[in-house]
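Visitor: I am new to reading protein models, and I would like to learn how to look at one feature at a time. Could you take me through this one slowly?

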Amino acid sequence: MCGIVGYVGPNEPQNFLIEGLEKLEYRGYDSAGVAVNDNGEIKVRKAVGPIANLRKLIGDENLGGHVGIGHTRWATHGGVTVANAHPHTNMDGSLALVHNGTVENYIELKEQLQAEGVRFVSDTDTEVACMLVSKHYKELGDLKEAIDKAASEMEGTYVLVAVAADKPDMLVAHRRNAPLIAAKGKDFNMVASDFCAILKHTKDVYLIENGDTVVLTQDAITIYDEKDQQIERDLMHIGWDVDAADKGEYEHFMLKEIHEQPKGIEETLSRSLTEDNRIKLYGIEMTAEELDKYNKIVIVACGTAYHAGLAGQRVIEKVAKIPVEIDVASEFRYRDPFIDDKTLFIAVSQSGETADTLEALREAKKKGAHVISIVNVVGSSVARESDQVFYTFAGPEISVASTKAYTTQLLCFYMLALYFADIKGTITEEDYADFVEELKAIPAKIEKCFELEPFIKRLAADYYDREQVFFIGRGMDSCVAFEGSLKLKEVSYISSFAIAAGEMKHGTIALMEPRTIVIALATQDALFDKTVSNIQEVRARNAHIISVAKEGNISIEAHSNETMYIPNCRDEVSPLLSVVPLQLYAYFVAKDRKCEIDKPRNLAKSVTVE
Ligand code: M6R
C-alpha cells in the first residue's frame, strides 16, 4: 500500500527520495511523487504508474534543496490520477504533505474548509489533511503545533508528513496507527513508513509510537508523545543487510524468497532450540500455571498468514490438546466473539501492519485476552501492541506473494504446539524428541524439494493456459491446498479454488471438465486411501490430476496424470514441504503467462486499510 519517505540533510533530497520510493515499490502503488523545499520554493513532481515515470518526468532537472518528502500512492479516495497523487499542496503552494492511511471524517472537514473558502483540486482525503494543516499553520505559525491540531480534528488511521516553504531545514511527521520510523544518519535524518526505504543509508532507527509527533532537522530528531511531552525513545539497530532487499542472481523476489526458505527455517528454529534439543521459545515464556488459565486459543490473521494458522490450529489441538478457534481478521471483530481473560489470542502477520489483524488484536486485548503475535517485521505495530512476540526470522519479504514468511509461521506453530505440549505433559519424551528431529531436518528436505524445479517448469509449460485449477487435500493437506490456490491465483490470475477433498462431491465436482486441473495433495499417511478415493472421483469426471505425495507412495501414480514427490516426514510437518512445489508451480505458471510476478495487479504487500 502507500509508502512514505522523507529526508533532511546536507545533500539534495531528490535521490534519497526516489531511491527510497523504489525500495517501497514492492508494497504496491499506482502513482508516485516528491516535493522538495528548494530554499523557500516547494517543487512538486508527480506521475501516474511506476516510479520510472516519475524519474522520466524529472529527467535531468535538479530539484535542489535540503528537505523533501516522497510518496507512493495506492488509490483509495479517488482514481489513479496526477491530481490525486501525493504530495498535496495548499492553495498557494507554501505547504506540501504526504499521507498514509485514511481520514474517516474527511467529508465533514472538507465541507467546513470549503465554507471557509478553500478550493480543492483532488478527490482525496489527503488534500483535506493538507488544507487543515495549512490553515492551522497560518494561525499558529508553528508546523508541529499545526500538525498536532489538525491530527486532533481528524479521525482515522494515518501518518502525515509535511514540509513548509518557510522552513527549508525541517520536516514534521505525526503517527496514528500506521507505521512510521525516524532514521538517524551520519549527518542527515530521514523518516519512512518501512525500513527498506532507508536501509541503504542507515540502520539506526527510532520506532515512532502512536500519537507521536516527530520534528526532523539535519542535526536532530525530536520526538513528542501524545501528551506533547518531549520523549527519548530507544535507538534500534536493524540487523538486516541491504542485500536482503535485493534480487541478487534471481529474476524475481518470489523465486529468491522461495529459495531462502531453508535459511528462514534454520534461523527461526535456531533461536528457539536449546543445545539439548528443547524448544525454548524466543520471546515467549509461560509457566504451567499461566497456560492453565487459558481455556482456548484463538488464532486470527489474513491471507497466507491465516493459512499458516489453519495448520497451527490442527497441530496445537492434536499435540497440546488445547481447543483452538481460528478466524480471518476481517470477520473476527464483527461477529462479537467470545473472548475474555481466559483466551490466549494469537495474531499472525508477516508485515505486522495489516489493518484487519491489528484491529482484531486490539479488540481481543480490550476484551481481556492475552495476546501473542507471530510477526516477521521487528518493531511493527502488531509486534508492539502484543503482550508477547514470537518473531519469525524469514528476513525481509519483498514479493507481494508471501512464501518464506508462510513456512516460518508454520514452524512457529509447530514450536508453540511442542512448547505447550511439554508444559501440559500431553506428549511423550520419545514423540517430542522425534518431532524436534523432524523440524531440524526440514531445511535439508526443502532443498530436496528444489530438485523438482525442472519437472515443475515442464508442468507449467504444459498447463499454464488452463483457466481453472482446483487444489484438494485432507487433514494438513487441506490447509496447504488453500495456500497453494492463493499463490497461483495471486501471481498468475488463474481462477483457482481450494477445497477439502471430501467436500468436492457435495457440489464443486459439478465444475469438473476435461481441461480442469486438480492438484491433489496426498501426503497424509493416515488419510492416504481416503484421499485417493477423492482423486478417483474427480478423475472419473475427466479432470487432469497433478498429485503431490511422499516419496515411496508410488501407488498414487495409477490415479494421477503427473506426480511430484516430497521427502518422507511426519504427517504433521508435511505442509513445510508440500507447499514448496505449489509455490514453484505458481511462480513458473505466472512466468509463462508473462505476469508481473513480484507486484501482481491490484495487490499490495502490506494491507494497511480495513
Ligand atoms: O503482512 P500479513 O502477513 O499480515 O499479510 C496478510 C495478507 O495480506 C498476506 O498474507 C497476503 O495474503 C499475501 N499477498 C499472500 O501471498
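Visitor: Is Arg515 buried or exposed, or does Arg515 count as partly exposed?

Guide: In this predicted model, Arg515 has a relative accessibility of 46%, and because a residue must be over 50% to be called exposed and under 20% to be called buried, Arg515 counts as partly exposed. Arg515 sits in the loop between strand E22 (495–500) and strand E23 (517–522).

Visitor: Which residues is Arg515 in contact with, once its neighbours within four places in sequence are left aside?

Guide: With those neighbours left aside, Arg515 is in contact with Asp465, Arg466 and Gln468. Gln468 shows how the fold brings separate parts of the chain together, since Arg515 and Gln468 are 47 residues apart along the chain, yet 7.8 Å separate their C-alpha atoms.

Visitor: What should I know about backbone angles, and which residues have a positive phi here?

Guide: Most residues other than glycine have a negative phi, and most peptide bonds are trans. Asn39, which is not a glycine, has a positive phi of about 50°, and Asn39 is found in the loop between E2 and strand E3 (41–48), where its relative accessible area of 65% makes it exposed. Tyr493 also has a positive phi, near 65°, and lies in the loop between helix H16 (476–492) and E22, but Tyr493 is partly exposed at 24% relative accessibility.

Visitor: Where is there a cis peptide bond?

Guide: The bond from His86 to Pro87 is cis, with omega near 0°, and Pro87 belongs to the loop between E4 and strand E5 (88–89).

Visitor: How do I read a helix, and which residues of helix H1 are buried?

Guide: An α-helix has 3.6 residues a turn, so residues three or four places apart point the same way. In helix H1 (residues 14–24), the buried residues are Gln14, Phe16, Leu17, Ile18, Gly20, Leu21 and Leu24. Their cover includes strand E1 (3–8), strand E2 (31–38), helix H2 (51–58), strand E4 (67–73) and strand E10 (189–192).

Visitor: Which residues touch the most other members of the largest nonpolar core?

Guide: That core has 92 residues, and Phe413, Phe420 and Leu439 are those that touch the most other members. Helix H13 (residues 404–424) supplies the largest share, 13 residues, while domain 2 (254–427) and domain 3 (451–592) each contribute at least three residues. If you set aside the neighbours of Phe420 within four places in sequence, you will find Phe420 in contact with Met286, Leu291, Ile297, Ala320, Ile322 and Leu344.

Visitor: How is the chain divided into domains, and how many residues from domain 1 and domain 2 make up their contact?

Guide: The domain assignment gives domain 1 (3–243), domain 2 (254–427) and domain 3 (451–592). The centres of domain 1 and domain 2, taken over C-alpha atoms, are separated by 33 Å, and their contact takes 13 residues from domain 1 and 15 residues from domain 2.

Visitor: Which residues come nearest to the ligand?

Guide: There are 14 residues around the ligand, and those that come nearest are Ser349, Gln350, Ser351, Thr354 and Glu490. A polar side-chain atom of Ser349 is 2.6 Å from an oxygen atom of the ligand, and for polar side-chain atoms of Thr354 and Lys487 the distances to a ligand oxygen atom are 2.4 Å and 2.9 Å. The ligand taken alone exposes 410 Å², of which the protein buries 90%.

Definitions and conventions
Residues numbered from 1 in each chain as written. Predicted model: local features only at pLDDT ≥ 70, side-chain atom pairs only at ≥ 80, totals over all residues. Heavy atoms only, no water. Core = buried A, V, L, I, M, F, W, Y, C linked by side-chain atoms within 4.5 Å. Buried < 20%, exposed > 50% of the residue type's maximum accessible area, 1.4 Å probe, protein only. Helix = DSSP H or I, 4+ residues; strand = E, 2+ residues; numbered from the N terminus. Domains from an automatic or database assignment. Contact = heavy atoms within 4.5 Å. Near = heavy atom within 4 Å. Polar contact = N/O pair within 3.5 Å; in protein donor to acceptor, adjacent residues only side chain to side chain. Areas by Shrake-Rupley, 256 points an atom, 1.4 Å probe, with all protein chains shown as cover.
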